[in-house]
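This briefing concerns the structure displayed below. It addresses helix packing, aromatic pairs and a loop residue, in that order.

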Amino acid sequence: MTTARDRALAAALADARDRPDDEERCAELDRIAARADATDDPRTALSARFALVEAYLHRGERWRTVEPVRRLRATLARHPGLLDGHPDELTRLRRHQRQAVEAAFGTPRVGLDQIRSLTDTLADELGPDAAPVAELRCRLADHLGDEPAARRAYERWTAADAADPVAGCPGCAPARRAELLAGWGDPTAALAALGPGPVDAPGCTDQPERSLVAGLLPWLRTGAVVQAARAHARAYRRHRRERAAFGLLATHLRFCALGGYPHRGLELLTEQLPRLDRPADDLSAMEFAAAGALLCGLAAEAGLGGRRIHRPGHGSRPAAEVDVATLGAQLQALATALAGSFDARNGTGHQSGRIASWLAERPLAGPVSLAAESEFDEEPEADPAEPGPPDPEEPAPLDAALLTAALAARGEPYTVEPDGTLAGRWGAATIQFRVLGGVLHARVVAARTLPADRRTEAYAFCNAWNHDRLLPAAYVHEPGDGTLVLAAGVTTDLSCGVAPTQLAVLVAAAIRTGTAYAEAVAALP
C-alpha cells in the first residue's frame, strides 16, 4: 500500500530531479536518500542515490561518487531481492561502482580499504577474471607501484571479454592499455596495443583523440616524431577546451617538453594554467603540475627562463606575472606535495618516485624554431589542392556564420535583421536567433496577443508553463499599447565552442519547443 509518507518522498525526489544541476540539488538528493533510509523506503533511497551519482558524474566530481555507491551497495545488502527482475538497474549499479573505483585512484581522500572493498564486491558478482575486475586490479597495482602484480592482472584483462557491459568504453580500452604499457617503459608494446592506427570507435565520443594522446610519447620514444607531432596537433585542438580532457593535458605538455618545442609548450601552459586551480581530480592536477614543471625547467635551460607568464589569482593567491623559472618551482612544489598525499594514503613511495622520474627527463629530439612550431596549427591535408570541408563533429567558436549555416541547412525561410539577428516564422511563433559573446539566444514571440485586462491569466499561464516545461522560459511583455505579448527565451552558453551538428540540434530544439509554446498560447480561451 502506498502511504502519504511514500508519496511525499516521491514528490520530493521528482522536484529535486527538476532542479538546476548544482550543489543544492546534490544536497537535496542526499537528504532524500537519508530520509528514505530512516523510513525504510529502499526503492526511493536507491533512486535518489542513482540520481546523486549521475549528478556528480555530470558535474565532473567523480570522486564524490564513492560514498553514494557504497550506500547503494549497503541498501542492496539489507534488501537482497530489491533488484530482482531489474537487470538493467543492476548493471547500472555495477557500472557506477567501477566508475567510483576509477575515481578513487584520482584522489587521496578515499581510503584503500574502500577501493578494495568495492572491487572485491564486483569480483564476487562477476568473477575475478572478468574484464572490469581485472582492469581495476591492474590499475590499482600500478597506482601502488607493484608492476609485477599489475602485469599479471593485465594479462587477465586482455584475455577477458571486451564487450562486458560493466567494463567501460571498449573503444577506449586500447588507449587505457597503451597508457599503462607506456608507463612501464615499453613504448613498442604500447603502440602495438593501440593497433595499426587510432580510428573512430562507434558510440565512443573520446576517439580518436584519446588514442592519439596515448601514442604521443611512445611515438616520440621510437623515433616517429612526425607522427607524434601530427597526433598532438589534431588532439589538442579538441582537448584545449574540453573540460573532461584536463587529465590528458599533461601528456601534451610532456610531448612539447621532450619533443623540443619549448615555445609551443609555454603557449599551451599559459593557456591551460587557469584550469589547474579547478582540476578534475588530484591525480590530474599532480600530473599537470609535474609536466608543467618539467617544461619550465627545460625552457629555462633553453634560455627562456625570464619569459613571464600570467597566473590568474585563486583563493588567497593574487594574480601575478611570473617568470618561467619561478613558475616551474611553484608547479614542482605542488606536484611533489600531491604525490606525497597519495603516498601517505597508499603506504608506498611510488607516486613521489614517478614524479621525480618525470622531472629528470631530458629532450628526446632537438629544439626547433618557433616558425616550425607554427606548423602544428594546421592539420595535414590528404590533398593540399582540395582541402575537405570542416568536420561537423569538431567544436568551433560560435559566431554568426556558424548560426547562419545551421539555419540555412534546414531549408526554411528566414531573414537577417540590421543588427545581425536571424528571424523566422514557424507556425504560430516568430523566433529570433542571435549570438552575443559566445552565447546563443533564441527569443520566441507568440503570434496571438492578449488584452491587458487578462494580465493575471497571462502570468498564471507562463508560471504553469515554466513549472511543467524545461524550455523555453516563458514571460509576459507589455508594449504599452493595451496588449500583452507572450514571449519566451532559450539561452545557451557556448563560449567553449560548439560543433555544427550540436548547434543544429540546439536550433531544432529551440524551434520545436518555441512552436509548441506559441501553439499553447493560441489555444488559450
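The points that follow are grouped by topic.

The model is predicted. Helices α14 and α15 approach within 10 Å of each other, computed along no other feature than their axes. The structure contains eight aromatic pairs, among them one between F461 and Y517. In a loop, the residue T65 is buried.

**Packing of α14 and α15**

- Helix α14 comprises residues 262–272 and helix α15 comprises residues 282–304; their axes come within 10 Å and cross at roughly 140 degrees.
- The angle of roughly 140 degrees falls outside the ranges for roughly parallel, roughly antiparallel and roughly perpendicular, the antiparallel range being over 145 degrees; α14 and α15 are therefore oblique to each other.
- The crossing of α14 past α15 is left-handed.
- On the α14 side, the contact is formed by P262, H263, G265, L266, L269 and Q272; on the α15 side, F288, G292, L295, C296, A299 and L304 take part.
- Sorted by class, this contact between α14 and α15 has eight nonpolar residues, four polar residues and no charged residues.

**Aromatic pairs**

- The structure holds eight aromatic pairs.
- In the pair of F461 and Y517, the ring centres are 6.0 Å apart and the planes stand at 40 degrees, so the pair is tilted.
- This pair links distant parts of the chain, with F461 in helix α20 (residues 455–468) and Y517 in helix α21 (residues 500–522), 56 residues apart.
- Both F461 and Y517 are buried.
- Y517 also forms an aromatic pair with W465, which is edge-to-face, with 5.2 Å from centre to centre and 75 degrees between the planes.
- The pair of W465 and Y517 likewise links distant parts of the chain: W465 belongs to helix α20 and Y517 to helix α21, 52 residues apart.
- W465 has a relative accessible area of 6% and is therefore buried, while Y517, with a relative accessible area of 0%, is buried as well.
- Elsewhere, ring pairs join Y154, W157 and W184 into a cluster.

**T65 in its loop**

- T65 is located in the loop between α3 (42–58) and α4 (66–78).
- The relative accessible area of T65 is 1%, so this residue counts as buried, the cut-off being under 20%.
- Apart from neighbours within four places in sequence, T65 is in contact with V53, Y56, L57 and A100.

How values were computed
Residues are numbered from 1 along each chain as its sequence is written. This is a predicted model: local features need pLDDT of at least 70, side-chain atom pairs count only at pLDDT 80 or more; totals for chains, interfaces and linings use all residues. Side-chain values use heavy atoms; hydrogens and water are left out. Axes are lines fitted to C-alpha atoms, for helices over the stretch in contact, and angles run from 0 to 180 degrees between N-to-C directions. Helices (H or I, at least four residues) and strands (E, at least two) are DSSP runs, numbered from the N terminus. Angles under 35 degrees count as roughly parallel, over 145 as roughly antiparallel, 65 to 115 as roughly perpendicular and the rest as oblique. A crossing is left-handed if the near helix is turned anticlockwise from the far one by less than a right angle, and right-handed if clockwise. Contact means heavy atoms within 4.5 Å. Ala, Val, Leu, Ile, Met, Phe, Trp, Tyr, Cys and Pro count as nonpolar, Asp, Glu, Lys and Arg as charged, and the others, Gly among them, as polar. Rings of Phe, Tyr and Trp (its six-membered ring) pair if their centres lie within 6.5 Å; planes under 30 degrees apart count as stacked, over 60 as edge-to-face and the rest as tilted. Buried means under 20% relative accessible area, exposed over 50%, partly exposed in between (1.4 Å probe, protein chains only).
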